[in-house]
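Trainee: Before I use any of these labels, I would like to hear how each one is justified.
Mentor: Then let us take the terms in turn and set each value against its cut-off.

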Amino acid sequence: MTDAAPHRTPLTAEHEALGATLTPFGGWLMPLRYAGELAEHRAVRTAAGIFDLSHMGEISVTGPDAAAFLDHALVGAISGIRLMGARYSMIVAEDGGVLDDLIVYHNAQGEYLVVANAANRDTVVSALTERASGFDVSVVDGTDRTALIGVQGPRALEVLEAVPGLSATAELSLGGTLRELRYYACTGMGFAGTAVLVARTGYTGEDGFELFVDAGAAARLWRAVLEAGEPFGLVPAGLSARDSLRLEAGMPLYGHELTRDVTPFDAGLGRVVRFDKVDADGEPLEFVGRAALARVAAELEKAELDEETPSRRILVGLAGEGRRPLRADYEVLAPDGDTTAVVGRVTSGGLSPTLGHPIALAFVEASSGAPGTPLHVDVRGRREPVRVVDLPFYTRPRPPSAARP
Amino acid sequence: MPTIPENLQYTAEHEWVDSGTPVTIGITDVAADALGDIVYVDLPEVGAAVEAGQVFGEVESVKSVSELFSPVTGTVAEVNAAVVDGPELLNADPYGDGWLIRVEVDTVGPVLTAAEYRELTGN
C-alpha cells in the first residue's frame, strides 16, 4: 500500500453526518465506531447493525473458462458452487502461504464475484491476473464503483423486508423471497432502479445479509435501510464492533490469524483446500500451492497415525478468568514455567461483550493446544490465567426446527 | 464538543484534578471520547505513593491501553470501587461518578488551567 491519503467510500459522508469516529483501514477512511462499540456489538447480537463494507475488494471473473480458472487459482472447488451460491475460500502462494481469504459468489452464468480483503485487493488482483494466462477469462477489479452494505443480526431479515423499494427481480434471481434465501446463497434484487446483489453471508456469527450495489446508489440505500430499520433497533456499527463480533464467532482476520507465513492447515481451515478437485479430463487438478499444501497435509496425517503431537503450532481459542483484555502479540506461557517457557502467541483478543470474559485466538504448540489445557498469557508483565477452549466462543441461538409429522 | 469544566486543573496527558482535600483525580471527556468504550481500569491501592508526572495506573478501552499519569505527589486516600466494577462509568460521567482516586497531596506537579487544556486539545 502507498502512503497516499485513504480513500473515502461512497458512504464516508454518511458516517461523518452520524458523528462516527473515522480511521484509516486498508487504504480507506472507515467508521471505527458511532455511538459506542459495545452498544453496537450488543445491537448486532440482539437486533441488527448496518455496516459500510465498501472497502472490501470486488473482483469480477467472467468468461467460458471462469470456473476452471478459479479452480486453478484458488484452493477451493469453485466449479462446484451452484449458480447463485457462494463459498468461503483462500488464495495461496506456491509455497502454500495464504495471500488472502475470500468469498466467491457465483452470481451469474459464466460469472463469479471474488470478494477480497481491502488490504489485499491489489495482491489478489495481480495474482488472479497472472494466473489467468492460458484461460479464456477476464479479471476486472470493480471495487471503486461498488459499495457493500452489511446488515447483520437476528432482526436483519425483518429490517430488509421493511425497506420500501427493495424488491426481488425475477430475471436476476432464481425465484423465492428474501426470507427463503439460504445461507451462503445470493439473489438479485432491485432498488430505486438499480440492481442489488443480496447475499446471505456475513462476518458476525448472526443471521445477516450483504448487499452489493453500484457506488452511486449506495447513500440512498444506506439511508433507506437505516430509516426502515429504526423500529427494529437497527444501529450503524463500525469496524471495532465488526472485530469483536467476528472474534466471538471464532472467525479469522487476515493479518492476524491468516498471514503470508501460515497455510490454511495451520489456521485449522484445511477444509477449504480441495485436493479432490479434478480437471476436464478427470485428472487431479494442479491448483496453485497444491504440492506445498499436499506436503503439509501428509505431515499432519503421518503425525496423527503415529500418534505423535505435530511440532507445528495450531490455532486455538483461549478464555480468560478475569476482565483484563488479552491482545494481539501477547505471549502465551506454560503455566508453571518461568517467562522463557513461551508456548505460543495471541493473534487477536479482547474482552467478549457477550460472554463477559477475555477471549483470544492464539497459535500455540500442539502439545499445549488440547481443549481444557491451562495456560498463562503475558499481559504487559502480568500472567493472566487462561484455558484452551473449543471454537467458536459464541454460537447464535437457533429456534428448534419444527417436528416432522 | 467535549466538556472541560472551568473549576478543574488538567495534565497534558488528559487527567483532571480538583482542589479538594484530599484531591480527586480522573480522566477528561476528551480522553474518554478518544479511547472509546472503556473496559478495564487498573488503579493503585489505598496507601500507595503517587508522584507527579509518573504513571499510577492504566485504563483500557476495547482498542487501546493508556497509562494514567498523576498530576500530584502524595498518598492514595481512596480508590473508586464503582469504576473498577463498572469501567463504562468513565465514559458516562468522567468528571463525576467516574472519578478514579483521591490523594492526600504533598505537592502539585505542573498542571494546566481549563483554558490552557482547551487550547492544547484544540477545543
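Trainee: In which strand of chain A is the place of Val332(A)?
Mentor: Val332(A) belongs to strand S17, which covers residues 331-333 of chain A; please keep in mind throughout that this is a predicted model.

Trainee: Why is Val332(A) called buried?
Mentor: The term requires a relative accessible area under 20%, and Val332(A) has 0%, so the residue counts as buried. As for its surroundings, the C-alpha atom of Val332(A) is separated by 7.0 Å from that of Leu375(A), although the two residues are 43 residues apart along the chain.

Trainee: What makes the sheet around S17(A) a closed barrel, and in what order do the strands run?
Mentor: Six strands of chain A run S16-S19-S18-S17-S20-S21 as a closed barrel, with antiparallel pairing. Neighbouring strands of this sheet are turned by 45 degrees against each other on average, direction ignored.

Trainee: How do you know that S20(A) and S21(A) pair?
Mentor: Pairing requires at least two bridges between two strands, and six bridges join S20(A), residues 374-379, to S21(A) in the antiparallel sense. One of the residues to look at is Val379(A), whose bridge partner in S21(A) is Arg382(A).

Trainee: What is noted about phi of Arg380(A), and is the residue buried, partly exposed or exposed?
Mentor: Arg380(A) sits in the loop between S20 and S21 of chain A, and its phi is near 50 degrees, a positive value in a residue other than glycine. Its relative accessible area is 30%, and because partly exposed covers the range between 20% and 50%, that is the term for Arg380(A).

Trainee: Where is Met84(A) found, and why does Met84(A) count as buried?
Mentor: Met84(A) is found in the loop between helix H3 (66-73) and strand S6 (86-92) of chain A, and its phi, near 70 degrees, is also positive in a residue other than glycine. Its relative accessibility is 7%, which is under the 20% limit, and therefore Met84(A) counts as buried.

Trainee: Why does Glu257(A) count as buried, and which polar contact joins its side chain to that of Ser348(A)?
Mentor: Glu257(A), in the loop between helix H7 (239-248) and helix H8 (290-305) of chain A, has 0% relative accessibility, so this residue too falls under the 20% limit and is buried. A polar contact requires a suitable pair of N or O atoms within 3.5 Å, and the contact between the side chains of Glu257(A) and Ser348(A) is given at 2.5 Å. The side chain of Glu257(A) also reaches the backbone nitrogen of Leu253(A) at 2.8 Å.

Trainee: How many cavities of 30 Å³ or more does the search find, and what are their volumes?
Mentor: The search of the whole structure finds two; the largest cavity has a volume of about 40 Å³, and the second largest has about 30 Å³. The lining of the largest cavity includes Phe51(A), Leu53(A), Tyr203(A), Glu210(A) and Arg242(A), and its residues divide into three nonpolar, four polar and two charged. For the second largest cavity, strand S21(A) gives the most to the lining, with three residues; among the lining residues are Glu384(A), Pro385(A) and Val386(A).

Trainee: What makes up the lining of the second largest pocket, whose volume is about 450 Å³?
Mentor: The lining of that pocket, with its volume of about 450 Å³, has 20 residues, and the closest to the centre are Asn107(A), Glu111(A), Ala195(A), Leu197(A) and Phe212(A). S13(A) supplies the largest share, four residues, and the lining divides into nine nonpolar, seven polar and four charged residues.

Trainee: What makes strand S6 of chain B mostly covered, and how do you know that S6(B) pairs with S7(B)?
Mentor: Six of the seven residues of S6(B), residues 55-61, are buried. Five bridges, against the required two, pair S6(B) with S7(B) in the antiparallel sense, Val59(B) stands opposite Ser66(B), and a hairpin joins S6(B) to S7(B) through three residues. S4(B) is joined to S6(B) by four bridges and runs antiparallel to it.

Notes: Residues are numbered from 1 along each chain as its sequence is written. Chains are lettered from A and ligands numbered from 1 in the order in which they are written. This is a predicted model: local features need pLDDT of at least 70, side-chain atom pairs count only at pLDDT 80 or more; totals for chains, interfaces and linings use all residues. Side-chain values use heavy atoms; hydrogens and water are left out. On a 1 Å grid over the protein atoms alone, a cavity is a set of points where a 1.4 Å probe fits but cannot get out, and a pocket is an open set with protein on both sides within 12 Å along at least five of seven lines; lining residues have an atom within 4 Å of a point. Grid points are joined across faces, edges and corners, and a volume is the space filled by probe spheres set on the points. Ala, Val, Leu, Ile, Met, Phe, Trp, Tyr, Cys and Pro count as nonpolar, Asp, Glu, Lys and Arg as charged, and the others, Gly among them, as polar. Axes are lines fitted to C-alpha atoms, for helices over the stretch in contact, and angles run from 0 to 180 degrees between N-to-C directions. Buried means under 20% relative accessible area, exposed over 50%, partly exposed in between (1.4 Å probe, protein chains only). A polar contact is a pair of N or O atoms within 3.5 Å; within protein, one must be able to donate a hydrogen and the other to accept it, and residues adjacent in sequence count only if both atoms are side-chain atoms.
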